[in-house]
Structure formats: C-alpha cells, structure tokens
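Dear colleague,

I am handing over to you the structure shown below, together with its sequence. My findings follow after it, set out by region so that you may read them alongside the model.

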Amino acid sequence: MIEELIQQVAAEDGDAIEELCQIADTDPGRLTPHLGSLLDLDVLWPAKLYRAADADVVHRIIERIDGGRTPGRLNHLLVILAHTAHPLAEDALRRWSTEPPSGADQLYVPVLTYAHEGGWTVTPDGSRRELCGSTAYQWVMRDTPRRADGPTCPWCSSPLWIAADLDTTEPAIAAALAHTGWSGRLVIETCHFCACYTTLYSQVTPTGSTTWWSGNTRPGYIGSAEPEDPPALAPVPGAARPSPYQACAWSRGGSTLGGWPDWIQDAEHADCPDCGQPMDYVGLVGGADLDDYGEGAYYLHLHQPCGFAAVNYQQS
C-alpha cells in the first residue's frame with residue numbers, strides 16, 4: 001500500500017500525499033523502510049514524511065548536500081534533516097553552521113535555525129534542547145462565562161482571553177509540559193485579536209498569575225480597532241493522542257495540548273523576550289474549534305527559566 005502511495009506521490013497525486021502525511025502523523029515508523037524510495041523519486045515535501053528516517057537515508061541526504069549537486073533544493077533538504085532529528089543530522093547542521101554548504105547564501109535563515117522546523121534547538125552552551133514534548137492530549141473546548149471586570153488589551157481594549165489554564169498537579173498536564181520544566185499553575189492570557197498580528201508575551205508565575213508584558217510592541221499596521229469579545233471557550237485536556245504529531249490546525253477537533261505543532265506556515269517558535277532563546281511549545285488552539293467559521297490557529301509557548309509565555313497565530 002505505501003509503495004503504491006509513493007508512486008502516486010511521485011506523479012503529484014494530492015490524495016496520496018495526504019494519505020502519507022496521515023501515516024507520518026499517526027505512525028511515522030511505518031514509512032521508514034520506504035523513505036529511500038521516496039528520496040530516489042526526489043519527493044522532498046512535505047518534509048515531515050521523513051520524521052522516522054534511518055541513518056542510511058539521513059547519510060544520503062547529508063552526502064547530497066555536501067556534494068553540492070542540488071543547491072537549489074538545499075532548503076527542502078535542510079528541513080527534512082531537521083524533521084529527522086537524527087544525531088547525524090544534528091552533527092551536520094552544527095558543521096554547516098560554520099562551514100556553509102553550497103547554496104547557503106540563498107537561505108533566509110542560518111542553517112542551525114532549521115532545527116526549529118523539527119522541534120529542537122541548540123543552546124548557547126552547545127547542548128541540544130527539545131522544544132516539543134513526546135506526550136499530547138486533545139484539547140476540548142469548554143464554555144466559559146466572559147469576565148465582566150477582567151483585564152483588557154492595552155491596544156484594542158478587547159477583554160483578554162485565557163487561552164490556557166493548566167496545573168501540573170494533574171498527571172496529564174504534567175506529562176504534556178514535562179519538557180518545559182514548569183511546575184505549578186500556568187495561565188496564558190492574551191488578546192485574541194491582536195495576537196493575530198504579532199506575537200504577544202505575558203509574564204507568568206507558578207501560582208497562576210499572568211501579566212501583559214509591557215515590552216509588547218504594537219505593529220503600526222494594526223491601526224484602530226473596535227473592542228471584540230474573545231471566545232467564550234477555554235480548552236481542557238481530553239483523551240491522550242496516540243501520537244504526539246496529531247495536532248491539526250485545519251479541522252475541528254485538532255486543538256492539542258503538548259506534542260508537536262501543526263504549522264500552517266514555516267515553524268515560528270517564539271523567542272523569549274528576556275534571553276532570546278526559542279521558547280518551548282505548549283499547544284495549539286485551532287480556529288475551527290472556536291467558531292463554526294473559524295480558521296487559522298493560535299500557538300502557545302512558554303519559557304520557564306525567564307517566566308514568559310507567548311501566543312502567536314498563523315493562517316493560510
């Protein structure tokens with residue numbers, strides 16, 4: 001079945017690509033024996049198909065980049081290596097960060113930044129840090145009464161929205177946030193309207209307090225806006241996801257706590273405004289779960305050492 005799908009993908013069959021992506025999200029190891037064939041056919045996108053690539057496939061991709069034979073495909077090949085998260089891929093990205101391969105002068109970001117596409121990063125001390133967790137839970141929307149006297153957005157005066165209220169005393173939440181190092185209550189509050197235009201930060205504490213960060217900078221293109229009520233919904237953890245890759249930014253039921261984000265555009269892990277390091281990913285709230293005609297997705301982030309949370313948004 002998978003071999004047939006790969007041949008169809010090579011013929012640019014969109015349905016076949018979607019089926020392979022579903023396998024990559026639910027059980028990526030099923031694709032491992034077939035990734036060499038996918039590479040032979042020069043199928044390099046979506047890169048997540050290569051999540052479970054073995055050392056042989058990773059080595060072939062590294063050799064292809066080192067050989068400089070296809071500098072025009074360098075972007076795709078680097079994203080694939082990031083998604084594999086393989087030690088060989090990590091070593092290669094580190095090496096190319098100081099010895100750029102052919103075509104690197106055409107890239108929009110440094111080579112090592114591609115690691116973010118795979119949900120990991122290299123810290124200033126040279127160690128590797130995972131930005132995403134290995135455990136995920138469906139986020140189910142619960143009706144929440146709007147606060148009559150709650151805080152409002154300093155920019156548009158809309159009531160702030162509690163995008164997440166989590167407590168690690170609950171085992172599921174502790175598991176989903178284990179990679180962040182957070183312990184205690186975490187409340188992520190944001191402006192549902194302004195977050196659609198720029199990353200919004202808040203300062204958080206393990207007691208559940210949350211404060212709009214005074215350093216948030218309003219983009220000039222937002223202009224004036226009338227206050228809007230935020231969603232009268234809040235996500236609560238539901239059933240465990242069988243795989244950490246099953247968040248979905250496109251359809252109802254795709255909101256997910258933990259695991260890996262389903263980016264609509266390129267990976268956009270928020271940087272901590274204090275130390276500049278990429279923040280840990282917390283979860284995704286899909287627009288389709290907030291409104292019958294909702295679209296796009298809110299992405300929630302946390303940097304425990306500096307006490308910052310962030311929310312950004314993507315849509316097609």
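I begin with a single side chain: that of H192 reaches the backbone oxygen of D229 at 3.4 Å. Please note that this value, like the others in this message, comes from a predicted model.

Where does H192 lie in the chain? H192 is found in the loop between β5 (185–190) and β6 (200–204). The relative accessible area of H192 is 7%, and the cut-off for a buried residue is under 20%, so H192 counts as buried. Setting aside neighbours within four places in sequence, the residues in contact with H192 are S158, W161, E228, D229, P230, P231 and Y298. D229, whose backbone oxygen the H192 side chain reaches, is thus also among these contacts.

The sheet

β6, at one end of the loop that holds H192, belongs to an open sheet of eight strands. The strand order is β7-β6-β12-β11-β10-β9-β3-β8, and the pairing is antiparallel. At the edges stand β7 (210–212) and β8 (233–240); each has a single partner strand, so one side of each is left without a neighbour in the sheet. From one strand to the next, the twist averages 30°.

Several of the pairings can be described in detail. β6 pairs with β12 in the antiparallel sense over four bridges, and Y201 has A310 in β12 as its bridge partner. β12 is also joined to β11, by seven bridges, and these two strands run antiparallel. Here the bridge partner of Y298 is Y313 in β12; Y298 is also one of the residues in contact with H192. The hairpin of β11 and β12 has four residues between the strands, and G307 in this hairpin takes a positive phi near 75°. On the β10 side, strand β10 (residues 280–286) and strand β11 (residues 297–303) pair antiparallel over six bridges, with A297 in β11 as the bridge partner of G286.

Which residues of β12 point each way from the strand? F308, A310, N312 and Q314 point one way, while A309, V311 and Y313 point the other way, and all are buried. Strand β12 (residues 308–314) is accordingly described as mostly covered, with seven of its seven residues buried.

Helix α5

Helix α5 (residues 74–84) is likewise mostly covered. Nine of its eleven residues are buried, namely L74, L77, L78, V79, I80, L81, A82, H83 and T84. What do these buried residues pack against? Their packing partners are α4 (55–67), α6 (87–98) and β1 (120–122). Just after α5, A85 takes a positive phi of about 55°.

The largest pocket

The largest pocket holds about 650 Å³ of space. It is lined by 30 residues, of which P46, K48, R51, D262 and W263 are the closest to its centre. Helix α5 appears here again: α2 (14–26) and α5 each supply at least two residues of the lining. The largest share of the lining, five residues, comes from α2.

With kind regards

Technical notes
Residues are numbered from 1 along each chain as its sequence is written. This is a predicted model: local features need pLDDT of at least 70, side-chain atom pairs count only at pLDDT 80 or more; totals for chains, interfaces and linings use all residues. Side-chain values use heavy atoms; hydrogens and water are left out. Two strands pair if DSSP finds at least two bridges between them. Axes are lines fitted to C-alpha atoms, for helices over the stretch in contact, and angles run from 0 to 180 degrees between N-to-C directions. Buried means under 20% relative accessible area, exposed over 50%, partly exposed in between (1.4 Å probe, protein chains only). A polar contact is a pair of N or O atoms within 3.5 Å; within protein, one must be able to donate a hydrogen and the other to accept it, and residues adjacent in sequence count only if both atoms are side-chain atoms. Contact means heavy atoms within 4.5 Å. On a 1 Å grid over the protein atoms alone, a cavity is a set of points where a 1.4 Å probe fits but cannot get out, and a pocket is an open set with protein on both sides within 12 Å along at least five of seven lines; lining residues have an atom within 4 Å of a point. Grid points are joined across faces, edges and corners, and a volume is the space filled by probe spheres set on the points.
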